[in-house]
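Student: I would like to learn how to read a few backbone and side-chain features in a model of this kind. Could we go through them one at a time?

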Number of protein chains: 2
Amino acid sequence: MCELLGMSANVPTDILFSVTGLMQRGGRTGPHTDGWGVAFYEGKGLRLFQDTQPSAHSEVAELVQRYQIKSELVIGHIRQANVGDVCLANTHPFIRELWGHYWCFAHNGQLKEFNPPQSFYRAVGATDSERLFCDLLNRIRQQFPEPVEVEQLLPLLTQACAEYQAQGVFNCLMSNGDWLFSFCSTKLAEITRRAPFGPAHLKDADLSVDFHAVTTPHDIVTVLATEPLTEEETWTRHPPGTWVLWRQGVSVARGQISSSPP
Amino acid sequence: MCELLGMSANVPTDILFSVTGLMQRGGRTGPHTDGWGVAFYEGKGLRLFQDTQPSAHSEVAELVQRYQIKSELVIGHIRQANVGDVCLANTHPFIRELWGHYWCFAHNGQLKEFNPPQSFYRAVGATDSERLFCDLLNRIRQQFPEPVEVEQLLPLLTQACAEYQAQGVFNCLMSNGDWLFSFCSTKLAEITRRAPFGPAHLKDADLSVDFHAVTTPHDIVTVLATEPLTEEETWTRHPPGTWVLWRQGVSVARGQISSSPP
């Protein structure tokens, strides 16, 4: 299995603290040693750092942890391979362009023998995760050749999640740089930080931060993770079947789908 | 204007030396201070480093110059903006997926008012360069919905290059990880290094390399650049209208198109 990390914020935010926690689980405090990736939206641009080395020992991961990237939307992933070799083409998150935006996707879980028909978007690597992403985008493009608001996509997205969930484990994060969509089939936790901000301490490294010192009273920052990243804070675990649409740090739509096939 | 860098080799090759030369031109020995990017193919995967900072002073560029990435195919670019703000979405090289491969593209030049009809691939940023790349891919996909060998694409590619060249300056590099296609409308130079390897010294930095010490007798490495990167080596400048298809370090097809509109 793998672990996911997501962030949605209403101001460009330094996610270094959370990324540092996640990276420890790639070889130090966790077994996810088969590569990692973090994508940071910068406006409509998307900056992707990836490596096939365990994140706890990766030179690129060291750079990411030193580099003060601020973003309103981040998707990260550390991998413990079950399908597909350890190679760059199999490393999450995956990126495709749709409607003039970069869409980004990371998956935690496994679907056995997921082989949808070949269509427009095709997997480059050998993971079920990338095939799932391509299938989602192909469904969207087929139904909506021209851009629509994400709210209009929700029935399609939740229907697809229900189908995927019925075939295996499907926790995912997806974004187009404007919104972040999360789906929990088995495991995903959230925390929203806003004023009054307090201190937090990483579970996986001896690192603390006083969010009060690095924020303004208007900042709202939501972090999503497969397993809570901090101690002394209250994370909310999503019940299986929960989907959420996030924008600028807050949940703007949320629902629950049944775990049985639709 | 901008500067291009390309490499095609028959073994995974460290392009650090050439990248270091190019990076100096982004703010130290040259005026291309509006960002830079280098894409390295690793198998079917593609590793992209980009920054909006001048390459001579960029923290990410420092990492790339320290990091021992070996690749058989590299496309790099330093930018001096003429169309589009300095932002990540306007930074070359650009990437799209076609037929289950990542295609990568960088452009040096400018086409005035290049606004092809909206189709499948759409620009995320505001550059004519990204619109050109999308137009190329849209033409390919329209004519060939299913994969064909690159040799079958050559008439389409050279026809498109002739049209673009008639509308402005269009020097470009494009690859799908297997081959590298180059087109020179005004300025592009090549050098192919093979046994017996000798020494070379960068024009733009006090850095020398003895290629004999870091290669085997079977290695073949071609480097393409807008302006020759080394002294004491013989680079060949392409005449305007020259296109070349490179594979594993050698030119496998080459031709010349007229500079007048077709």
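Student: In which loop of chain B is B:P196 found?

Tutor: Keeping in mind that this is a predicted model, B:P196 is found in the loop of chain B between β9 (189-194) and β10 (199-202). The peptide bond that joins B:A195 to B:P196 is cis, with omega about -5°.

Student: Which peptide bond leading to B:P93 is cis, and where is B:P93 placed?

Tutor: The bond from B:H92 to B:P93 is cis, its omega being near -15°, and B:P93 has its place in the loop between β4 (70-78) and β5 (94-98) of chain B.

Student: B:H92 is also listed among the contacts of B:S129; is B:S129 buried or exposed?

Tutor: Buried means under 20% relative accessible area, and B:S129 counts as buried because its relative accessibility is 4%. B:S129 belongs to helix α3 (residues 128-143) of chain B, and, leaving aside residues up to four places away in sequence, B:S129 touches B:H92, B:F94, B:F105 and B:H107.

Student: What is the phi of A:Q248, and what is that of B:E232?

Tutor: A:Q248 is not a glycine, yet it has a positive phi of about 50°; B:E232, also not a glycine, has a positive phi of about 60°. A:Q248 sits in the loop between β15 (242-247) and β16 (250-256) of chain A, whereas B:E232 lies in the loop between β13 (230-231) and β14 (236-237) of chain B. With 46% relative accessibility, A:Q248 counts as partly exposed, while B:E232, at a relative accessible area of 68%, is exposed.

Definitions and conventions
Residues numbered from 1 in each chain as written. Chains lettered and ligands numbered in written order. Predicted model: local features only at pLDDT ≥ 70, side-chain atom pairs only at ≥ 80, totals over all residues. Heavy atoms only, no water. Helix = DSSP H or I, 4+ residues; strand = E, 2+ residues; numbered from the N terminus. Buried < 20%, exposed > 50% of the residue type's maximum accessible area, 1.4 Å probe, protein only. Contact = heavy atoms within 4.5 Å.
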